[in-house]
Amino acid sequence: MRWLVWGIGVATYLVAIAHRTSLGVASPQATARFDTSASVIALFVVLQVGMYAGMQLPSGMLLDRFGSRRMLTTGALVMASGQLLLALSDTLTLAVVARMLTGTGDAAIFIAALRLIPAWFPSHRIPVLTQLTGVIGQSGQIVSAVPFVWALHHWGWTTSFLALAGTGIVIGLLVLTVVRDSPRGQVRRESHVAERFASQIATAFREPGNRLGMFVHATACFGALAFGLMWGFPYLVEAEGQSPASAGGLFTLMVLGSVVAGPVIGHLTRQHPMRRTTLTMLLALTGIVPWLLIFVWPGPAPLWLLVVLVIGLSIAGPASLIGLDQARTFNPPNRIGTASGMVVMFGFAMALLTILLIGIVLDLVAGGRTPTLVDYRIAMAVQIPLWIACYIGLIVSRRQALRLHGKTLRPWREVWRERRDR
C-alpha cells in the first residue's frame, strides 16, 4: 500500500510539472492566440512562479493543518481549473488569471508529496525517496515537451489544454480515492494547538536549521531554475549560436542528468547526514565552475563546455532537495509543512530575483540593440554576488544550528578512518 500511495503522490507531482511547463513550450502558439509579444508571454512565467513562491508558506501551514491527501487533491484540481481556463480563454486577462491559478495549485503539490514519505516509510529510506520524488516528477517536462507539443500541432490549442486539464482532474480524483496521510489514516491537527499565521512563521524562522535549509535550497537551485525557466534557451541560441535543436538537446540532457544524479545524492545524504551542507556546497560548484569558465572564455563557448554546464546544473538542481531533508530533521511533525514551504519559497524567490536581475542588466548593457554574446555574459554574471551571499548564509546558519543543538562536525580524516576500519 505504501508504494502505491507514494507512486500516486509522485504521479501528481509529475502532472504538476507538465502543467507548470506547458505554456513555455506553447509560447509561439500563445503569442499568436493572444496577439502579443514573446516578452509578455514570458511575464506569464514570472507571474506563475511568483504565485508558486508566494503561496509556499500558506500551503505549508495548510499542509500541517489538513494533511497531504486534501492538499494534493486541492492542488491538482486548482491547477486543472487553471488549464481549463487557459484552454477556453482568448484574452490576456483571462490567460494571466489562468496561469496564476496554475501557480497557486502547484504550490501545494511538491511539499505534500514529500510529506507522505516520512509518514509511510522508515527513516533510512527518506533521503533516497525524496530525491526520487523530485527527479521522477521533473520528467513532467518531457511530457510537456513531447506528447503535449505533438498534441498542439495536431489537435490545436483548446483540445490540448483541455486534455491537460482532464489529466489533472483524473489525478486529483485518484488521490482523493486512494491516498491516505499515513497508515493510521487522515491527519487531524487539534484546534487548540493551531497557531496564528505570523506566530507559526516566526517559530519556524527562529530555528536556525530551517534557515540553513533555506540557504541550502537556494544555493543549489536558483541558477538552475533561472536557466531552465527563462534564460537558458535564449542564451544558448542568441548568445552562443546554438541551433534550437541543439539547445533542446542540451535541455533534455539536463533533465536526464537530474534523473541519474538524484538517487546518488539521496544515498550520499543518507550516508553522511552531518555533512549535508558540505555536500551541497560541493555539488553547487558543479554548476558554478562551468559558468565561471564561460564568463572568461574568448568567443562562443565550445559545445563540450556547454554540455558540462547543463550537466553541472542537472546535479545542482537535485542537491537543493537536501534543504527539505534538513527541514524534516530540524522540526516536529506538526511544523514540517510550514518549514518546507519556507525552504522552497526562499529558493524560488532567489530564482525570481535572478531572472529579473538578468533581464534588467541585459537591457542596460544592450541599450536597445540586439544583445551580443558579451552582453549576455555580463547579465548572467549577476549570479556571482548571489552565489557569494548564499555561501555566506550557508556557513553562518550551519554554525548557528550546530551551536543551538549541541553538535559538532568531526574531521573528515576521522570519518574516513572509521569507515576504512569497519
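User: Which residues of α16 meet which residues of α17?

Analyst: In this predicted model, Gly323, Leu324, Ala327 and Arg328 of α16 meet Ile336, Ala339, Ser340, Val343 and Val344 of α17. To meet here is to be in contact, with heavy atoms within 4.5 Å. A few ground rules: residues are numbered from 1 along each chain as its sequence is written, and side-chain values use heavy atoms, with hydrogens and water left out. Since the model is predicted, local features need pLDDT of at least 70 and side-chain atom pairs pLDDT 80 or more, while totals for chains, interfaces and linings use all residues.

User: What makes up that contact of α16 with α17, by class?

Analyst: There are 6 nonpolar, 2 polar and 1 charged residues. Ala, Val, Leu, Ile, Met, Phe, Trp, Tyr, Cys and Pro count as nonpolar, Asp, Glu, Lys and Arg as charged, and the others, Gly among them, as polar.

User: Why is α16 called roughly antiparallel to α17?

Analyst: Look at the angle: α16 (residues 322-329) and α17 (residues 336-366) pack at about 150°, with axes 9 Å apart. That makes the two roughly antiparallel, a label for angles over 145 degrees (under 35 is roughly parallel, 65 to 115 roughly perpendicular, the rest oblique). Angles run from 0 to 180 degrees between N-to-C directions, and axes are lines fitted to C-alpha atoms, for helices over the stretch in contact. The helices themselves are DSSP runs of H or I, at least four residues, numbered from the N terminus. The crossing of α16 and α17 is right-handed, meaning the near helix is turned clockwise from the far one by less than a right angle.

User: How do you know that α16 is largely enclosed by the rest of the structure?

Analyst: By counting: 6 of its 8 residues are buried, so α16 is largely enclosed. Buried means under 20% relative accessible area (exposed is over 50%, partly exposed in between; 1.4 Å probe, protein chains only). The buried ones are Ile322, Gly323, Leu324, Asp325, Gln326 and Ala327.

User: And what makes Ala316 count as buried?

Analyst: Its relative accessibility is 4%, so Ala316 falls on the buried side of the cut-off. Ala316 sits in α15 (residues 303-319) and touches Ala220, Leu283, Ala284 and Thr286, leaving out residues up to four places away in sequence.

User: Why are α17 and α19 also roughly antiparallel?

Analyst: The axes of α17 and α19 (residues 383-404) come within 10 Å and cross at roughly 160°, so the pair earns that label. Met350, Leu353, Thr354 and Leu357 of α17 contact Gln383, Leu386 and Cys390 of α19. The classes are 5 nonpolar, 2 polar and no charged.

User: What makes α12 and α13 roughly antiparallel?

Analyst: α12 and α13 (residues 244-271) pack at about 155°, with axes 9 Å apart, and are therefore roughly antiparallel. This crossing is right-handed. Phe227 and Leu236 are among the α12 residues that meet α13, whose side includes Pro244 and Met254.

User: Which residues touch the most other members of the largest nonpolar core?

Analyst: Phe227, Trp231, Tyr235, Leu236, Trp291 and Ile294, out of 99 residues. Helix α12 (residues 208-239) gives the most to this core, with 16 residues. A nonpolar core is a set of buried Ala, Val, Leu, Ile, Met, Phe, Trp, Tyr and Cys residues joined through side-chain atoms within 4.5 Å.

User: Which residues is Trp291 in contact with?

Analyst: Setting aside neighbours within four places in sequence, they are Phe227, Tyr235, Leu309, Leu313, Met380, Gln383 and Trp387.
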